[in-house]
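Reader: I should be grateful for guidance on how to read a structure that is new to me. May we take its features one at a time?

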Amino acid sequence: MAVLLFIKKGKFENFSFVSSLQNQDLKNKFPSDPVSSFSFGHSCIEVLLDTPLSREELVDLRLSVASDRVDVLQMENHLNPKEPSLFCFDMDSTVIQEEVIDELARKHGVYEQVASVTKQAMDGGMGFEEALRKRVILLNGLSRKSFGEVYELLHLNSGMDILFQELPKLHTKISILSGGFTPVLDLFAKKYPVSFYRANHLEEKDGIFTGEILGEIIGKEKKAEYLNFYSKEQSILKEQIVAVGDGANDGLMLQSAHIGIGFHAKQGLKDQILNWIDFSDMSVLLFLFRPTT
């Protein structure tokens, strides 16, 4: 069994997109007048399948409905809103719109140098850890005060405010596992209902950062490791775990969750996962929960 969710911003004025589906068996599973639920500005139609679609079939399905700006998610079953759940998020370009290291680099006057290293890493020229260390070195001399100033410039991605409001009502713990920096997460977790977080610690002397990282680096392996650690620590069932990210560095974390979702994801992440959201905002993650009757 599997559940397909067809999600669209606004209301489904009609269901013309069904005619564009290539899979005739799937077309036949749509009732003549599908019923959609509506929540926080988005609509969702559910279709039950006897057999899950393959990854190739799901990718083809997304392509066939993309012109209608319809997102498609597939899951084995809904989350149970009466059981504890865990949502693990990447931070930069996922929870927030910005990349914090870029904003710090702009403030420190080294944006072009940092961007050059980032491009090398994205082009496959170096790994995440090497690229992070090279970029952090460029932040040598930055003051702790600068982190607070950059924090004030950050914006939540659309729909995250709704998740921060609604997820705690659904017995959900929120975790942020970030390749960014703890000074920002320390401030963020004071404002929003974040139960756990991990990010990189920077060496500091007299309020000035030295350009060195202290301790472990939160890369792809550590993100997956902490997802498993928090789920066991909180006795949360595997089928109640969701992970959300946007970049290739989030792949293992998303694969470790019961439901892993790319949010406006880069191709490097899409190549590793089954589910992603291209058009909708973060609030549609509430459709993952079993509808209440």
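Author: The dialogue below goes from the overall build to single residues. Please keep in mind that this is a predicted model.

Reader: How many helices and strands are there in the protein?

Author: The protein contains 11 helices and 11 strands. Its radius of gyration is 20 Å, close to the 19 Å that the globule rule gives for 293 residues, so the protein is as compact as a globular protein of that length. Along the principal axes, the C-alpha atoms fill a box of roughly 65 × 40 × 30 Å.

Reader: What share of the 293 residues counts as buried?

Author: The buried share is 51%. Of the contacts with a separation of 6 or more, 69% come from residues 24 or more positions apart. The surface that remains exposed is about 13,800 Å², and carbon and sulfur atoms supply 49% of that area.

Reader: How many positive and negative side chains does the protein have?

Author: There are 31 positive and 41 negative side chains, and the centres of these two sets lie 2 Å apart.

Reader: How should I read the cysteines, and how many disulfides does the structure hold?

Author: A disulfide is a covalent bond between the sulfur atoms of two cysteines. The structure holds 0 disulfides. As for single cysteines, C44 has a relative accessible area of 2%, so it is buried, the cut-off being under 20%. C88 is likewise counted as buried, with a relative accessibility of 0%.

Reader: Which residues of helix α8 are buried?

Author: An α-helix has 3.6 residues a turn, so residues three or four places apart point the same way. Helix α8 covers residues 182-191, and its buried residues are T182, P183, V184, L185, F188 and A189.

Reader: Against which elements do the buried residues of α8 pack?

Author: Their partners include three helices, α3 (100-108), α6 (144-151) and α7 (160-166). The strands β6 (172-181), β7 (196-205) and β8 (208-214) are partners as well.

Reader: What does the backbone angle phi show at R69?

Author: Most residues other than glycine have a negative phi. R69 is not a glycine, yet its phi is positive, near 55°. This residue sits in the loop between α2 (55-65) and β4 (71-75). With a relative accessibility of 48%, R69 counts as partly exposed.

Reader: Where does S93 lie, and what is its phi?

Author: S93 is found in the loop between β5 (85-89) and α3. Its phi is positive, about 65°, although S93 is not a glycine. Helix α3, which follows that loop, is also one of the elements against which the buried residues of α8 pack.

Notes:
Residues are numbered from 1 along each chain as its sequence is written. This is a predicted model: local features need pLDDT of at least 70, side-chain atom pairs count only at pLDDT 80 or more; totals for chains, interfaces and linings use all residues. Side-chain values use heavy atoms; hydrogens and water are left out. Helices (H or I, at least four residues) and strands (E, at least two) are DSSP runs, numbered from the N terminus. The radius of gyration is taken over C-alpha atoms; the globule rule is 2.2 Å times the number of residues to the power 0.38. Buried means under 20% relative accessible area, exposed over 50%, partly exposed in between (1.4 Å probe, protein chains only). Contact means heavy atoms within 4.5 Å. Accessible areas come from the Shrake-Rupley method with a 1.4 Å probe; for residues, only the protein chains shown count as cover. Lys and Arg count as positive and Asp and Glu as negative; His and the chain ends are not counted. The place of a charge is taken as NZ of Lys, CZ of Arg, CG of Asp or CD of Glu. A disulfide is a pair of cysteine sulfur atoms within 2.5 Å.
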